[in-house]
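Could you walk me through this structure in the viewer, one selection after another? I would like to know what to pick next and what is there.

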Amino acid sequence: MASADSTAGPAAEPGLDGRKLFTFLCMVFGMFMAILDIQIVSASLPEIQAGLGASRDDVAWVQTAYLIAEVIMIPLSGYLSRMLSTRWMFAMSAAGFTLMSLMCATATTINEMIVWRALQGFIGGGMIPTVFASAYIIFPREKFSIVSPMIGLVATLAPTIGPTLGGYLTEFGSWHWLFLINVVPGILVTIAAVTLIDFDEPDWSLFDHFDWVGFAAMAIFLGSLEFVLEEGQKDDWFQSEEIVLFTALTLGGAAVFFWRAFTAREPVVDLRAFSDKNFTMGCIFSFTMGIGLYGLTYLYPIYLSSVRGYNSLQIGETMFVTGAAMFLTAPVAGRLMSLLDPRVMMGIGFGGFALGTWMVTGLTHDWDFWELFVPQILRGCSLMICMVPINNIALGMLPPSMIKNASGLFNLTRNLGGAVGLAIIGTLLTNRQDFHYARLGESLNWSRPIVNETLEMMTRAYSELGDAASLAGLKALSNMTTREAFVMAFADVFFLLTFLFVALLAALFLVDKPKPGGGGGGGH
């Protein structure tokens, strides 16, 4: 057990070890590439669709295949890291990710691309929780205020700037560069992993006890769940036989997975970390942050492209504000870690996020870069101020023996939060747009003079069409109604997100105050 003064003097030196810090930065860069690739293709799917001659439904699988495969690997990585050691787990993940990136760039058909993307997500997904776990194993607790902002920044910045970077690469190069950009850095990260990582030793006995049934059940459970969440809204949920089938597979896989998790000698995912209240609360916060992080990365581009008519490059430039705010807030968040109770930091972050989404509830069709400027700054700053203490609350208090498995579970919650959030947001947008369209349609009553005046004005605008002018005017009025209903649906979604983050403020009272100088290295 650490003494009261162990946080001073020589104990600080391991955190300043240049070799460890450089090794960790190389690992963080590998994680950055893996998280970036979740979103980097999102703004450039039309270009990939055209390049591979794919249908719109097929090209969506370039994104979905990556997400499904990654969500299976993330919880598995804890077991593999203990079995193979951090060095070989991370090196194999980085090398495989790099090779699959190259294969994606050379794909000539949509089927090839989907296979390589799935393998890229599965193999590369191992880097993300391995970095989180390493941060809390190799550095002493008094250095968390330096290390936590690094991984917090990467975990939130990478998906935020993904569409921006993807837009630039596609605009000034071609879609192939979305994947080729990973190759050289990937090779360097792999070499660094093999030559520099020496944090632990492999435990090959774990291979003899690998729970293949539990692994298969987890893959079916998480893969099917991700599929349902990704595809459900497009297929009108349970009106689709395919969605009903995969929902049944989700429930069946979950039942077998949880049975094996509590009965197998060495379960593929150890769920004991959930017995720690702060870890459980950290996972709930991480899940909700996933909704906010991925939800807004999805909402802003849809509004800017559908309502404002922006191209991928203009969308990227508009959303860069959030990325810049995150980057500038990272050192501030690190400093606040040593000054404030992490619960206070999370309260500031949740409050700032709620304020940012509340401001957008006044959205109209003519909102542009400057109207979205302050909400995006609030979003970027708040994400950083939240993520750093959330990481520490969840992982910083656990004994080292639990951290590898716990890191996989913690990162899984953020990805699942994003998937659940996108499914709910997509469904809400559709339903609320239909609702507002119906209400607006009721107000377009021909007995109202203003309706007739507007229609006459629009008909005159299309007068060069002759007899078709009145029909064109009517169509323009219908399009205007559709647009306004769409914008009102966006405002409703932002209102719901505001409510969600205000609710998180109340949940902070369930978090125990971390013990100064405790955790990290103590206990079993």
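Start in the interior. The largest nonpolar core has 149 residues, and those with the most contacts inside it are F24, I48, F279, F285 and F350. Keep in mind as you go that this is a predicted model.

**Stop 1: F350.** Select F350 and show its surroundings. Setting aside residues up to four places away in sequence, F350 touches F285, M289, C386, I390, F501, L504, L505 and L508. One of these, F285, is itself listed with F350 among the residues with the most contacts inside the core.

**Stop 2: α1 beside α8.** Next, colour α1, residues 18–39, and α8, residues 144–172. How do these two helices run relative to each other, roughly parallel or roughly antiparallel? Their axes come within 8 Å and cross at roughly 30°. An angle under 35 degrees counts as roughly parallel, and therefore α1 and α8 are described that way. The crossing in which α1 passes α8 is right-handed.

Now show the side chains where the two helices meet. From α1, pick L21, F24, L25, V28, M31, F32, I35, L36 and Q39; their partners in α8 are V147, M150, I151, V154, A155, A158, P159, I161, G162, P163 and L165. By residue type, this contact divides into 18 nonpolar, two polar and no charged. F24, which you met in the list for the core, is one of the α1 residues here.

**Stop 3: α1 beside α4.** Keep α1 in view and add α4, residues 61–84. Here the axes lie 9 Å apart, and the packing angle is about 140°. That makes α1 oblique to α4. At this contact, A34, D37, I38 and Q39 of α1 meet Q63, Y66, L67 and E70 of α4. The residues divide into four nonpolar, two polar and two charged. Q39 of α1 takes part here and also in the contact with α8.

**Stop 4: S85.** Move on to the loop between α4 and α5 and select S85. Check its backbone: S85 has a positive phi of about 90° although it is not a glycine. Is S85 buried or exposed? Its relative accessibility is 2%, so S85 counts as buried.

**Stop 5: G186.** Jump to helix α10, residues 183–196, where you will find G186. This glycine is buried, with a relative accessible area of 0%. Beyond residues up to four places away in sequence, G186 touches M33 and T98. For a distance to draw, try G186 to S81: 19 Å from C-alpha to C-alpha, with the two positions 105 residues apart in sequence numbering.

**Stop 6: F132.** Select F132 in helix α7, residues 127–138. F132 has a relative accessible area of 0% and is buried. Which residues does F132 contact, leaving aside its neighbours within four places in sequence? They are M31, I151, A155, N391, L395, S407, F410, N411 and R414. M31, I151 and A155 should look familiar, since they also belong to the contact of α1 with α8.

**Stop 7: T329.** Finish in helix α15, residues 312–337, with T329. What makes T329 count as buried? Its relative accessibility is 7%, and buried means under 20%. Apart from neighbours within four places in sequence, T329 is in contact with C381, M384 and I385.

Definitions and conventions
Residues are numbered from 1 along each chain as its sequence is written. This is a predicted model: local features need pLDDT of at least 70, side-chain atom pairs count only at pLDDT 80 or more; totals for chains, interfaces and linings use all residues. Side-chain values use heavy atoms; hydrogens and water are left out. Helices (H or I, at least four residues) and strands (E, at least two) are DSSP runs, numbered from the N terminus. Buried means under 20% relative accessible area, exposed over 50%, partly exposed in between (1.4 Å probe, protein chains only). Contact means heavy atoms within 4.5 Å. Axes are lines fitted to C-alpha atoms, for helices over the stretch in contact, and angles run from 0 to 180 degrees between N-to-C directions. Angles under 35 degrees count as roughly parallel, over 145 as roughly antiparallel, 65 to 115 as roughly perpendicular and the rest as oblique. Ala, Val, Leu, Ile, Met, Phe, Trp, Tyr, Cys and Pro count as nonpolar, Asp, Glu, Lys and Arg as charged, and the others, Gly among them, as polar. A nonpolar core is a set of buried Ala, Val, Leu, Ile, Met, Phe, Trp, Tyr and Cys residues joined through side-chain atoms within 4.5 Å. A crossing is left-handed if the near helix is turned anticlockwise from the far one by less than a right angle, and right-handed if clockwise.
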